[in-house]
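Work through the exercises below with the model open beside you. Try each task before reading its solution.

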Number of protein chains: 2
Amino acid sequence: MSQYCFGVDVGGTTVKLGLFSPDGTILDKWEIPTRTQENGKEILPDVAASVEAKLAEKGIAKSDVIGVGIGVPGPVDGNGVVRKAVNLGWGILDAKAELEKLLGLPVEAGNDANVAALGEMWCGGGKGYQNLVLATLGTGVGGGIIVDGKIVTGATGAGGEIGHICMNANEEAVCGCGKRGCLEQYASATGIVRLANRKLSAVTEDSVLRNGEVSAKTVFDAVKAGDKVACEIAEEFGEYLGKGLAMIAAVVNPEAFVIGGGVSKAGDILCEYIAKYYQQYAFHGCADAVFKLATLGNDAGICGAAKLVLK
Amino acid sequence: MSQYCFGVDVGGTTVKLGLFSPDGTILDKWEIPTRTQENGKEILPDVAASVEAKLAEKGIAKSDVIGVGIGVPGPVDGNGVVRKAVNLGWGILDAKAELEKLLGLPVEAGNDANVAALGEMWCGGGKGYQNLVLATLGTGVGGGIIVDGKIVTGATGAGGEIGHICMNANEEAVCGCGKRGCLEQYASATGIVRLANRKLSAVTEDSVLRNGEVSAKTVFDAVKAGDKVACEIAEEFGEYLGKGLAMIAAVVNPEAFVIGGGVSKAGDILCEYIAKYYQQYAFHGCADAVFKLATLGNDAGICGAAKLVLK
């Protein structure tokens, strides 16, 4: 008898869904729009209806479904209660209990960044490791901490909020969180642009980066082309992130760091810049940690969500 | 039928042992010398003999013993293998397997600082919390991270090495670990003396601290007496440690921080200085964490070791 599980990744505009076998194979994946109106009250009913429709389409009995995992963009506590998901319009919502009631299936819920870390552990860049840290470098810096194969949720669902480690108490610009000098002000896609613009203002040297709009991609493309100013920006980025990951290592001592998010499209060169400074700052007992690129892209969320229900 | 467990805390000069009931009551405790000669080869046989003697003395049958937990001053991996304990003369030693063979009882082994954190969770300052961080402020700064009631051992037993988070990349003095600017260079007993001496050299104001040898105790005694220079030193200490703990919170988001070690004898005023700066630097989702003093003193090690065998 075949068994199945579902992974659901709720984003601000679309909900991604996946049907999985327990070995991690994606059997099917699809999307539905996220209806955020009226405090997102239709989101979970829409998810339930979509899962029911898929079961009917595939002729799968509910008794063959292990469960449904769901990742949400906001803090989720250890009981599957969402503590606020601004982008969905949700306040405090017991997502696990509500979706269980709608579907009559076991449900587990987690924060989307944490769930992505679990996905990369299960079938992505972190495969083979039970203790890893995912750093997702996108608009901000998200993170997920996996200890002994399980997500570190934390007391209030803020486990893995590594983008808000204070790296520079003297920073003048304010982070989205209201503090100053957070890791994501330097290591996110927008942070890299900030570092780049600061550098381009501070030096007079020529650089291909002066020829158009600067993005994390143009910076690392220029690094690959040997642009000196771009290389200096990458060093600065590498020092902030490598040092930040070294701090994290002194807490949870992971086997591996997995680097994901849009910035990670720059490829292996990114890991080189990070690892160089990681080694400079890391406690000697943590020096063996390896650096890997995330491989699942947008599927990390549905994969990790599905894994949530496989104990 | 009564049940029992043993907790063993191996130090460089003495081995502390305790006999416990599974509810955390210490039924008996005693010490034996640590024989470190010949690479400490007699240490585990001495522990086994001492446990056997206690069983005979109390008339306890081995079938009523749940197990023996042992804490060791060095990294211990998740399988109970010690990766090097310099103070004991041990290289790589499978302490769990060896002691199990000697005693014919289940054994669990852990790093002493991590085990102390488990002890404080079980019956000390962290009672009632399943997610906590112990910061032990002694000669150095040790730590233990507890997530969902279990020690975070890490990939190589370096989980909770929070004394070696880099707080100041511009520090000129070298830490015992070989790096510069580690948290323990500012927040340990010796770190506080360093901060005090730097401050006393930098300012000309009078201070009771100029009247004799400076120690962490004299600094906090002077703070309580309202000495202005001492208060400035305490602010500096509080900022380093509060900021360091805020970094840790962005990783594991604990419910509570427990402050132990000799420095914690200064009392509640210590937590006030730390909490002030913690709030300044912590991510808002981690702001609810409470600060508690450790209460077990030298018994934390045997308590936590005993708890290791109670799953």
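The exercises go from symmetry to interface, then to sheets and a hairpin.

This is a predicted model, in which local features need pLDDT of at least 70 and side-chain atom pairs count only at pLDDT 80 or more, while totals for chains, interfaces and linings use all residues. Residues are numbered from 1 along each chain as its sequence is written, chains are lettered from A and ligands numbered from 1 in the order in which they are written, and side-chain values use heavy atoms, with hydrogens and water left out.

**Exercise 1. Find the operation that lays chain A on chain B.**

Step 1. Superpose the copies by least squares on the C-alpha atoms of residues with pLDDT of at least 70 in both.
Step 2. Read off the operation: a turn of 180 degrees, with a shift of 0.0 Å along the axis and an RMSD of 0.0 Å.
Step 3. The two copies are therefore related as by a two-fold rotation axis.
Step 4. Check the contact residues (contact means heavy atoms within 4.5 Å). Of those in chain A, 100% recur in chain B, so the same surface serves both copies.

**Exercise 2. Describe the interface of chain A and chain B.**

Step 1. Count residues: 38 from chain A and 38 from chain B take part in the contact.
Step 2. Take the buried area, which is the accessible area (1.4 Å probe) that two parts lose on being put together, summed over both. Between chain A and chain B it is about 2,900 Å², and carbon and sulfur atoms give 65% of this.
Step 3. Find the main contributors. A:K179, A:V251 and A:F283 supply 21% of the area that chain A buries against chain B, more than any other three residues.
Step 4. Look for salt bridges (a side-chain nitrogen of Lys or Arg within 4 Å of a carboxyl oxygen of Asp or Glu). The rule finds zero across the interface.
Step 5. Look for polar contacts: N or O atoms within 3.5 Å, where within protein one must be able to donate a hydrogen and the other to accept it, and residues adjacent in sequence count only if both atoms are side-chain atoms. The rule finds 20 residue pairs across the interface, both residues at pLDDT 80 or more.
Step 6. Assign elements, using DSSP runs numbered from the N terminus: helices (H or I, at least four residues) and strands (E, at least two). Strand 7 (141-147), helix 8 (228-252) and helix 9 (268-281) of chain A each supply at least two residues to the side that touches chain B. Helix 8 of chain A gives the most, with seven residues.

**Exercise 3. Lay out the open sheet of five strands in chain B.**

Step 1. Pair the strands; DSSP must find at least two bridges between them.
Step 2. Write the order: 8-7-6-9-10, with mixed pairing.
Step 3. Mark the edges. Strand 8 (150-151) and strand 10 (290-293) of chain B each have a single partner strand, so one side of each is left without a neighbour in the sheet.
Step 4. Inspect one pair. Strand 6 (residues 132-137) and strand 7 (residues 141-147) of chain B run antiparallel, joined by six bridges. B:L132 stands opposite B:I146.
Step 5. Add the helices. Axes are lines fitted to C-alpha atoms, for helices over the stretch in contact, and angles run from 0 to 180 degrees between N-to-C directions. Helix 8 (residues 228-252) of chain B lies across strand 6, strand 7, strand 9 (256-260) and strand 10, at about 150 degrees to strand 6. Helix 9 (residues 268-281) of chain B lies across strand 6, strand 9 and strand 10, at about 155 degrees to strand 10.

**Exercise 4. Trace the hairpin of strand 2 and strand 3 in chain B.**

Step 1. Strand 2 (residues 14-20) and strand 3 (residues 26-33) of chain B run antiparallel, with seven bridges.
Step 2. B:F20 has B:I26 as its bridge partner.
Step 3. Five residues lie between the strands, and B:G24 in the turn has a positive phi of about 100 degrees.
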